[in-house]
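Visitor: Could you take me through one part of this protein slowly, and then show me what sits around it? I'm new to this, so plain words would help.

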Amino acid sequence: MNAPTQQTRSSPTYQGRPQRRSILRFRPIARTDSRAAASTRGIGSAADGAAAFGFTWAGGDRGIVAEPHHALLSIKLGAARILRGPHRRKYPCRLGAAMARSAGGRGPRTPYSDVASVYDRVYAWKDYGHEADRVRSLIRRYCARPPRTLLDVACGTGSHLVHLSRSFDSTGVDLSEEMLAVARKRLPQVRFHRAPMQEFRLGETFDALTCLFSAIGYVRSEAELRRTLRTFSRHLREGGVAIVEPWLTPGTFRSGEVRVSVQRSRAGPLVRMNSAEMRGGRSILTMHYLVGEGGVVRHWSEVHNMGLFSRATMEAAFRAAGLRARYLRRGLMPGRGLYVARKVAAESSTRPRRPRATRGR
Ligand SMILES: C[S@@+](CC[C@H](N)C(=O)[O-])C[C@H]1O[C@@H](n2cnc3c(N)ncnc32)[C@H](O)[C@@H]1O
């Protein structure tokens with residue numbers, strides 16, 4: 001999950017689609033101040049679900065903002081996906097949702113829907129190759145037999161799989177269709193499935209399962225954590241190994257911090273600012289992005305609501321799922337640690353412990 005602030009390079013893409021020029025031209029705009037953006041650019045985006053849109057006719061900017069007619073206009077244009085932007089919430093439209101589904105089978109919006117197109121720019125500082133080397137050697141060390149297959153849960157844009165798929169026959173699972181779209185494009189040889197990590201059934205088992213960059217934090221309660229680890233366990237062969245990089249704990253999460261990250265690259269400047277607070281025992285991160293691309297600035301914010309689990313809670317959940325876990329203080333990123341858990345035979349996970357010798361005789 002999102003953390004340190006560093007300067008990086010990045011590659012120029014806008015949701016992988018070239019900007020087309022045509023008589024009726026659509027352009028991406030800032031999401032939060034659509035009127036201001038519209039008046040400066042006369043814009044809109046049928047492609048990315050932007051908040052509002054206007055028209056740029058060949059020959060002159062008319063700068064029309066069509067917010068109130070958002071749904072109607074979308075239907076006229078046959079571009080159902082635009083209904084998935086913030087105004088989808090303002091002007092709910094069942095037909096829009098149905099059209100959006102049939103238009104491409106894209107899933108619901110998640111906190112990663114907007115960031116997906118720039119995610120790899122945001123985390124270009126992260127050394128995925130080095131992390132994958134460590135994960136690979138842990139898998140080989142802890143797996144009861146030579147590992148051949150791997151499932152990466154909450155795989156995101158597939159940055160670990162880029163490296164791990166060279167050693168293992170790999171599969172990825174993630175909740176965000178937008179993140180998966182990037183991963184699929186990058187790794188055509190890998191199978192990807194869109195599913196919540198809490199509950200999915202692929203109908204097969206793997207030698208190794210990974211859930212990295214603190215994605216496990218997206219499960220919010222202890223009950224959900226247990227369900228998720230049972231799902232992981234169900235997808236492991238006996239003797240197979242799960243590597244889970246935890247999110248922060250109630251003791252290590254720092255409330256009230258604001259962080260900023262500024263990056264410049266040929267694609268344009270990218271600024272992220274986030275606040276962090278603890279509410280109801282959970283960590284709430286609010287991230288604001290400003291992304292300059294193609295002469296315009298996109299702005300959006302996203303809220304990440306993440307569970308905070310102590311080591312004792314994590315270890316108990318692993319045990320209950322039939323996974324014998326070991327916590328490694330030295331993880332992939334500073335301050336997070338890493339769980340390496342082996343799936344034990346069903347009877348040994350439920351076998352009662354040997355009673356302790358009576359003390360104080
Ligand atoms: C911090 S990113 C990590 C992505 C990738 N593992 C990496 O290291 O770059 C967290 C990922 O978890 C995914 N995610 C969040 N909640 C999820 C859930 N309930 N089930 C599956 N994936 C989820 C997000 O879509 C996102 O891709």
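**A close look at helix α8**

Guide: Let's start with helix α8, residues 177-186, whose buried residues are E177, E178, M179, L180, V182 and A183. Keep in mind as you look that this is a predicted model. Here's a handy bit of background: an α-helix has 3.6 residues a turn, so residues three or four places apart point the same way. Try that on the list of buried residues, which includes M179 and V182, and also M179 and A183.

So what covers the buried residues of α8? The cover includes α5 (119-122), β5 and β6 (191-194). Let's follow β5 from there. Strand β5 covers residues 169-174 and runs parallel to β4, with 5 bridges joining the two. If you want to find one spot where they meet, look for L151, which stands opposite T171 in β5.

Now β4 itself, residues 149-153. This strand is mostly covered, with 4 of its 5 residues buried. Besides β5, β4 has another partner: it pairs with β7 (residues 206-211), again in the parallel sense, over 3 bridges. Here the spot to look for is L150, whose bridge partner in β7 is A208.

Next, the ligand. There are 19 residues surrounding the ligand, and the closest are A154, G156, S176, F213 and Y218. What kinds of residues make up that shell? By class, 12 are nonpolar, 6 are polar and 1 is charged.

For a contrast in how strands can pair, jump further along the chain to an open sheet of 4 strands, in the order β9-β10-β11-β12, where the pairing is antiparallel. Its edge strands are β9 (258-263) and β12 (296-307), and each of these pairs on one side only. Ignoring direction, neighbouring strands in this sheet are turned by 15 degrees against each other on average. The partner of β9 is β10, residues 270-279, and the two share 6 bridges in the antiparallel sense. To see one such place, find V258, which stands opposite S275 in β10.

Finally, step back to the whole protein. Its secondary structure comes to 11 helices and 14 strands, and of its 361 residues, 41% count as buried. As for contacts between residues with a separation of 6 or more, 59% of them involve residues 24 or more positions apart.

Notes:
Residues numbered from 1 in each chain as written. Predicted model: local features only at pLDDT ≥ 70, side-chain atom pairs only at ≥ 80, totals over all residues. Near = placed C-beta within 6 Å. Nonpolar A, V, L, I, M, F, W, Y, C, P; charged D, E, K, R; others polar. Buried ≥ 20, exposed ≤ 12 C-beta atoms within 10 Å, placed from the backbone. Contact = placed C-beta atoms within 7 Å. Pairing = 2+ DSSP bridges. Axes fitted to C-alpha atoms, helices over the stretch in contact; angles between N-to-C directions.
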